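Here's an informal walk through a two-chain model, from the contact between the chains to the salt bridges inside one of them. Have the viewer open as you read.

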Amino acid sequence: MSKRRQYNNLSAQIFLVHAFQYLLTIQFTKGCLIVDVKFQNVSLAYDNVNNILNNISFTIPEGQLTCLLGPSGCGKSTTLNLISGLLSPTGGQIFFGDQNVTKKDALARKVGMVFQNYALYPHMSVLDNICFPMKMAKVKKADRLKRGRELAALVHVETELSKKPSELSGGQQQRVAIARALAKSPSILLLDEPLSNLDARLRVEMREEIRRIQKETGVTTVFVTHDQEEAIHIADQIMVLNEGKIQQFTTPNRLYDQPDNLFVAKFIGSPIINTIPFANVRDDFKTVVPTSVLSDGTTVAIRAESIVPATDPHDHLTMLPLTGTQVQSNRFGRETSLSLNYGGHTIIADGFREQDLGRNGKSLQFALRPQGVFVFNQSGNRIWPETVATNVSPLKPTEVIHA
Amino acid sequence: MTKKRISQALLIIILTLGAITMLVPFIWMLSTALKTAPETVRVPPTWIPKHLQWQNFVTAWHAAPFLTYFINSLIVTTVTTIGQLFTTILAAFAFSRLNFYGKNFLFALFLSTMMVPGEMLIIPNFVTLSKFSLINTFGALIIPWLASFFAVFTLRQTFNAIPNELYYAAKLDGSSDWHFLWTMMVPLSKSAITAIGILEVIGSWNSFMWPLIVTNTAKVRTLPVGLNAFTSDAGTQFQLLMAASTFVILPMIIVYLCLQKYIIAGISKSGLKG
């Protein structure tokens with residue numbers, strides 16, 4: 001009997017949780033169509049000379065959080081502004097779902113946008129800020145105030161409704177900006193470096209918040225950042241851009257585990273991946289890479305955590321223990337950082353425990369783990385290890401794995 | 001420490017001298033307004049009159065139709081100020097946010113008009129207005145002052161300081177340029193707009209030369225022109241002129257004292273003096 005009741009209780013709870021999630025989804029996606037974003041051969045040139053974006057094509061999958069990542073000037077903000085309609089492409093087509101929006105302006109595209117400096121209306125209260133897009137859309141006052149309060153609750157600023165933006169902390173301003181962007185039930189939510197004005201601790205907190213809000217609302221979200229760590233933590237998939245070209249577009253883990261080219265390998269991961277001219281260490285790799293790689297490889301890149309003591313019980317690449325000279329070692333709390341001279345270059349290893357370290361200036365034997373070692377050719381493309389190409393298109397939503 | 005004190009003292013002395021220089025004319029005006037006619041020209045001059053002649057104010061008020069002048073001044077000042085603010089806000093928005101053909105050229109052209117001395121405009125403006133048969137009407141007093149490039153320039157600087165993101169955000173939220181201007185730009189530039197307004201109120205209220213030239217009957221004359229009543233071929237009745245001056249400038253002093261923080265904010269923001 002009691003077991004039965006417990007069972008009922010449990011199933012009731014499960015039902016309630018599901019119902020709640022369902023309601024949330026209904027609530028915040030009400031009237032908004034969840035769409036994907038397609039770029040077909042889009043180019044943008046200023047003054048017809050400088051190509052900011054050069055003939056790029058991609059599809060941002062619906063209902064997911066996608067990061068545009070790259071160094072400043074790589075074209076990521078430009079891409080975002082092209083999606084929003086604040087900029088028009090000089091060539092190519094843009095689709096939201098099946099709809100060609102290339103010629104439509106920002107308003108007609110129904111996108112919500114959060115700017116780096118939040119762009120809250122300074123003379124309006126928090127509630128008025130959130131309700132402004134609905135006021136513009138001529139939503140009835142009672143309805144918009146009700147929805148404004150719901151959105152404020154979603155982003156946890158319900159206690160600040162009558163304050164002016166200047167009275168809020170950076171994180172709260174950010175939340176209000178997100179609520180305002182969601183107020184018009186956007187088909188796509190765009191965030192332009194939204195965390196860069198926040199301090200480090202708040203940044204981590206807000207990135208989890210943005211992820212939570214995105215999952216609760218299910219709105220297709222595009223997030224621009226130059227911070228690879230931020231991108232890896234928040235995104236379902238990441239598009240790495242450089243010099244107006246897509247370098248790689250895939251899930252964060254694939255980006256880290258299988259960089260298509262040297263730029264991506266160097267851009268993703270901290271500390272920055274070690275690179276050594278392949279010619280200096282070619283003999284060491286004879287037993288592990290095919291002859292074509294031996295002849296074509298120009299650079300070998302090794303992640304710091306893939307350099308481990310030769311005595312480490314993990315699997316190693318089938319090569320003789322390598323020998324380097326220990327230059328310096330440091331311990332920072334639970335991390336150690338070891339500088340080794342190998343192949344004429346100083347490389348950083350952080351896979352060593354304190355007891356495995358040698359003495360500075362003395363030689364030290366080490367091994368490489370199979371993951372995190374890549375060989376690139378002259379043009380910077382990865383030629384080893386070979387894997388199924390991932391740069392063609394992003395993964396289907398069902399394949400996406402998030403850490 | 002002492003060095004700081006010396007420079008502090010110097011600063012106070014200089015500021016005091018400046019303040020005295022500014023105040024003396026006002027004090028002289030008040031003191032003269034309370035003198036008898038012979039006392040106004042006595043050498044050496046007296047600062048405090050022996051017997052205060054309060055009836056000077058009553059005599060002066062009745063010497064000319066000052067009530068009509070007062071109402072006229074009020075009408076002209078109100079209409080020019082509101083009109084000028086309206087054109088200024090629209091022009092400043094265009095120069096600050098809109099992109100149109102010849103924008104920079106037009107701006108440079110307008111800027112160059114600030115180098116033309118006001119006196120040079122009197123004759124062309126007079127000729128134009130007389131062709132439209134507007135001489136001796138309120139039109140002549142109001143129309144030439146409905147636009148001021150100084151005001152446009154000042155407000156454009158303020159508008160430029162408003163971040164572009166705000167404009168984009170409002171556009172994405174469905175706000176038109178017109179709506180953005182009146183619900184965002186104008187409320188956010190309140191202090192600059194108030195400063196421009198006050199400067200125009202003071203300028204319009206005190207304007208003497210132009211109303212004197214384009215009006216010739218009491219029906220449309222304004223207060224400063226009315227002060228002319230005390231000057232004739234036989235000389236000037238200084239005590240009455242000063243008494244009348246006192247009540248003519250009194251409204252402006254009140255306006256200034258109430259709103260001075262806006263004037264100073266507006267001037268220091270634009271980096272220009274009025």
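How many residues does the contact take from chain B, and how many from chain A? The answer is 16 from chain B and 19 from chain A. Before going further, keep in mind that this is a predicted model.

**The interface**

The size of an interface is often given as the accessible area lost when the parts come together. By that yardstick, chain B and chain A bury about 1,500 Å² between them, and 74% of this area sits on carbon and sulfur atoms. Three residues stand out on the chain B side: Leu172(B), Asp173(B) and Met184(B) supply 44% of the area that chain B buries against chain A, more than any other three residues.

There is polar chemistry here as well. The rule picks up two salt bridges across the interface of chain B and chain A. One of them involves a residue we've just met: Asp173(B) pairs with Lys184(A), with the closest N and O atoms 3.3 Å apart. Five residue pairs are in polar contact across the interface, both residues of each pair being at pLDDT 80 or more.

Which elements of chain B give two or more residues to the side that touches chain A? They are helix H9 (164–172) and helix H10 (177–188) of chain B. H9(B) provides the largest share of that side, with seven residues. Sorted by type, the residues on this side of chain B come out as nine nonpolar, four polar and three charged.

**The two chains**

Now for each chain on its own. Chain B has 274 residues, of which 38% count as buried, and its secondary structure consists of 14 helices and two strands. Its C-alpha trace spans about 70 × 70 × 30 Å along the principal axes. If you count contacts in chain B with a separation of 6 or more, 72% of them join residues 24 or more positions apart.

Chain A has 403 residues, and 50% of them count as buried. Here you'll find 11 helices and 19 strands. For chain A, residues 24 or more positions apart account for 69% of the contacts with a separation of 6 or more.

**A strand with two faces**

Zoom in on strand S11 of chain A, residues 274–277, where the side chains alternate. Asn274(A) and Ile276(A) point to one face and are buried, whereas Thr275(A) and Pro277(A) point to the other and are not. S11(A) pairs with strand S12 (residues 297–302) of chain A in the antiparallel sense, over four bridges. What is the bridge partner of Thr275(A) in S12(A)? That would be Ala301(A).

**Salt bridges**

Over all chains, the structure holds 16 salt bridges. Here are three from chain A:

| Acid | Base | Closest N and O atoms |
|---|---|---|
| Asp236(A) | Arg211(A) | 3.2 Å |
| Glu216(A) | Arg212(A) | 3.1 Å |
| Asp356(A) | Arg353(A) | 3.3 Å |

Start with the salt bridge between Asp236(A) and Arg211(A). Why does this pair tie together parts that are 25 residues apart in sequence? Because Asp236(A) lies in the loop between helix H7 (228–234) and strand S9 (237–242) of chain A, while Arg211(A) is in helix H6 (residues 200–217) of chain A. Asp236(A) counts as buried because its relative accessibility is 4%, and Arg211(A), at 12%, counts as buried too.

The pair of Glu216(A) and Arg212(A) is a more local affair: they are four residues apart in helix H6 of chain A, so about one helical turn separates them. Buried or partly exposed? Glu216(A) counts as partly exposed at 23% relative accessibility, and Arg212(A) counts as partly exposed at 22%. Both also belong to a network of salt bridges that links Arg175(A), Glu205(A), Glu209(A), Arg212(A) and Glu216(A).

The last pair in the table is split in its exposure. Arg353(A), at 46% relative accessibility, counts as partly exposed, whereas Asp356(A), at 18%, counts as buried. The cut-off that matters here is that buried means under 20% relative accessible area.

Technical notes: Residues are numbered from 1 along each chain as its sequence is written. Chains are lettered from A and ligands numbered from 1 in the order in which they are written. Side-chain values use heavy atoms; hydrogens and water are left out. Buried means under 20% relative accessible area, exposed over 50%, partly exposed in between (1.4 Å probe, protein chains only). Two strands pair if DSSP finds at least two bridges between them. Contact means heavy atoms within 4.5 Å. Buried area is the accessible area (1.4 Å probe) that two parts lose on being put together, summed over both. A salt bridge is a side-chain nitrogen of Lys or Arg within 4 Å of a carboxyl oxygen of Asp or Glu. A polar contact is a pair of N or O atoms within 3.5 Å; within protein, one must be able to donate a hydrogen and the other to accept it, and residues adjacent in sequence count only if both atoms are side-chain atoms. Ala, Val, Leu, Ile, Met, Phe, Trp, Tyr, Cys and Pro count as nonpolar, Asp, Glu, Lys and Arg as charged, and the others, Gly among them, as polar.
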